[in-house]
Structure formats: C-alpha cells, structure tokens
Amino acid sequence: MRGGVATMRLSRLAPLVATVWLAAAVLLAGCSGSSGPPPPAAKASTAGTGSPSAKSASPSASATSSASASPSAVPVAPGAGALPQTRAFPRTDSAAFRHAMADLWLAVTTGNPRFARPGFFPVAAYKQVKAEPYPVPDWQDRLWYDFVLDVRATHRLLGSGARLDRIIVPKAYAAWVYPGACHNKIGYWHVPGARVVYRVHGKERSFGIASLISWRGVWYVVHLGAVQRTVVTGIVYQPAAGPGVPGPPGGC
C-alpha cells in the first residue's frame, strides 16, 4: 500500500487527444462468465462528488490529430504482455501511462474502443494471470466485451466538445494482489476508482475508471465502467459534476 494521489493534467488539448501534465502516482476481478457479440447500445450509471488533493509535476509529450489526418492510438508497452510479471510499482509520470490515458480519451471521445487497446490489459498477460482453463475466451468475451460497451456508454455521456483536463489516480488505495486471490495465479498492483476529469461547455465534469491493474510496472485499464454487472449493458463509473471522489478502496 502506498500513500497519496497522483494527478495527470493537460495544459492544452487538440480536438481528440491532449498535451498532458503529469504528477506523482491497481485488481483484476476474477469473475467468470461470458457473453455473445456486443450490442450497439450503452447507458450510464451511478454518480459521485468531491475530490482529494493532488500534486502537480512536469509537462510531457502529446499525441495530436488534425482535420486532414485520422486520429490514431499511441503505443503503451508493445510486447510487454508476453514477458514475465514484475513487482515494480506503476508510475503515473511515465510515457506509458500518458499514452494509455491519451488512448482511452481518444476512444471515449470518438466512440471507438479500438483506440484504447494499447492501454487495455494485454491478453498475453491475462493468459499468465488467470487461473482458469480458457483465459483467452474470458478476456475476449467478458473483459474486452464489457469494455467496448462501457466506452460506447461513456461516449454517449460526453457528447461533443469535451476536453480532457486531468487524470486522478488514488495512490493511497493501490495494493498488491497476491497469487491465489480472485482466481489469479500471478500477483499484480491494483488501484480502484481513478478519475477522468474533463470540461465541456465550460463546466468541469468527471467519470471513473473502475479498475486499473499493473503489468511490469505499467498501469492498464481492465474494467472501465464496472467490475461486475448484472445486465449486459454499458456502464459509466460514477459520473459526476466536478472531479468526483476517487475509489472507494478495496477490490481485487
């Protein structure tokens, strides 16, 4: 467990992806179950308010798009999923984190989940983590399937004109999940309830990332809208006016 809250800020934003400011500083739910091909619809759920304090750091690189060029994702940690896990604590001042969040923002503002694939937990890593006989279908039919629904739901919530401001990662809630927990055979860092803070029509708003987990010192999105769901629909995690409240702590 480590203390503090890490915040990624953006000083200027292109139409789809932003130039980022980053500050100092994850669980994979082991629910089984799968579903069929994703439906086109999605909708939002729960809300939260308030925000812990955060600390700022140095500016960093950006990914941009223009009217004459199609937007594209940026690499996060190519090929890392096939390598062994490490105990390294993920940083939020790294290029990998900046790129993962830029790709996520591009996905939710365009409604195209494929843009977020580089920053989504790699299937090769999931094969190493999950203690079950068929991890690849579970990744495809549950994890990625739910993520697609949630990206579409978030896109519908944002509408047009949204501009990313910052990402809040509640470092104090990060915990190492040991092998054997949640049907997993390899440990990883997990942090629940990071916040994506943005502005639309001059108003500050936010939504959460239900779960980030680590692989080799990099944070990846594994659950965007919900860790578990009782209905097959897209979910927006605790959308709020203002920055919202990170967390709550716990989970695995």
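Which residues form one aromatic cluster with Phe89? They are Trp176, Trp189 and Trp219. Keep in mind that this is a predicted model. The close-ups below start with that group and move on from there.

**View 1. Four aromatic residues gather in one cluster.** Phe89 joins Trp176, Trp189 and Trp219 here. The whole structure holds 12 aromatic pairs, and the next two views pick out examples.

**View 2. Trp105 and Tyr198 make a tilted pair.** A pair of aromatic rings is described by how far apart the centres are and by the angle of the planes. For Trp105 and Tyr198 the centres are 5.9 Å apart and the planes sit at 40°, so this pair is tilted. The two come from distant parts of the chain: Trp105 belongs to helix 1 (residues 95-110), while Tyr198 belongs to strand 6 (residues 188-200), 93 residues apart. Both Trp105 and Tyr198 are buried.

**View 3. Phe121 and Tyr220 meet edge-to-face.** Here the ring centres of Phe121 and Tyr220 are 6.0 Å apart, and with the planes at 85° the pair counts as edge-to-face. Phe121 sits in the loop between helix 1 and helix 2 (123-129) and Tyr220 in strand 8 (residues 218-223), so the pair ties together parts that are 99 residues apart in sequence. Phe121 is buried, and Tyr220 is too.

**View 4. Arg117 places its charge over a ring.** Look for the charged end of Arg117, which sits over the ring of Trp144. The distance to the centre of that ring is 5.3 Å.

**View 5. A disulfide joins Cys182 to Cys252.** The count for this structure is 1 disulfide, and the S to S distance between Cys182 and Cys252 is 1.5 Å. The torsion about the S-S bond is about -120°, so the disulfide is left-handed. Cys182 is in the loop between strand 5 (175-177) and strand 6, Cys252 is in the segment after strand 9 (237-241), and the two are 70 residues apart. Is Cys182 buried or exposed? Cys182 counts as buried, because its relative accessibility is 18%, whereas Cys252, at 28%, is partly exposed.

**View 6. Helix 1 is largely enclosed by the rest of the structure.** Of its 16 residues, 13 are buried, which is why helix 1 gets that description. The 16 residues of helix 1 should span 22 Å at 1.5 Å a residue, and the end C-alpha atoms are indeed 22 Å apart. Just after helix 1 comes Gly111, with a positive phi of about 80°.

Definitions and conventions. Residues numbered from 1 in each chain as written. Predicted model: local features only at pLDDT ≥ 70, side-chain atom pairs only at ≥ 80, totals over all residues. Heavy atoms only, no water. Phe/Tyr/Trp six-rings, centres within 6.5 Å; stacked < 30°, edge-to-face > 60°. Helix = DSSP H or I, 4+ residues; strand = E, 2+ residues; numbered from the N terminus. Buried < 20%, exposed > 50% of the residue type's maximum accessible area, 1.4 Å probe, protein only. Lys NZ or Arg CZ within 6 Å of the ring centre and 35° of its normal. Disulfide = S-S within 2.5 Å. Expected span 1.5 Å × (residues − 1).
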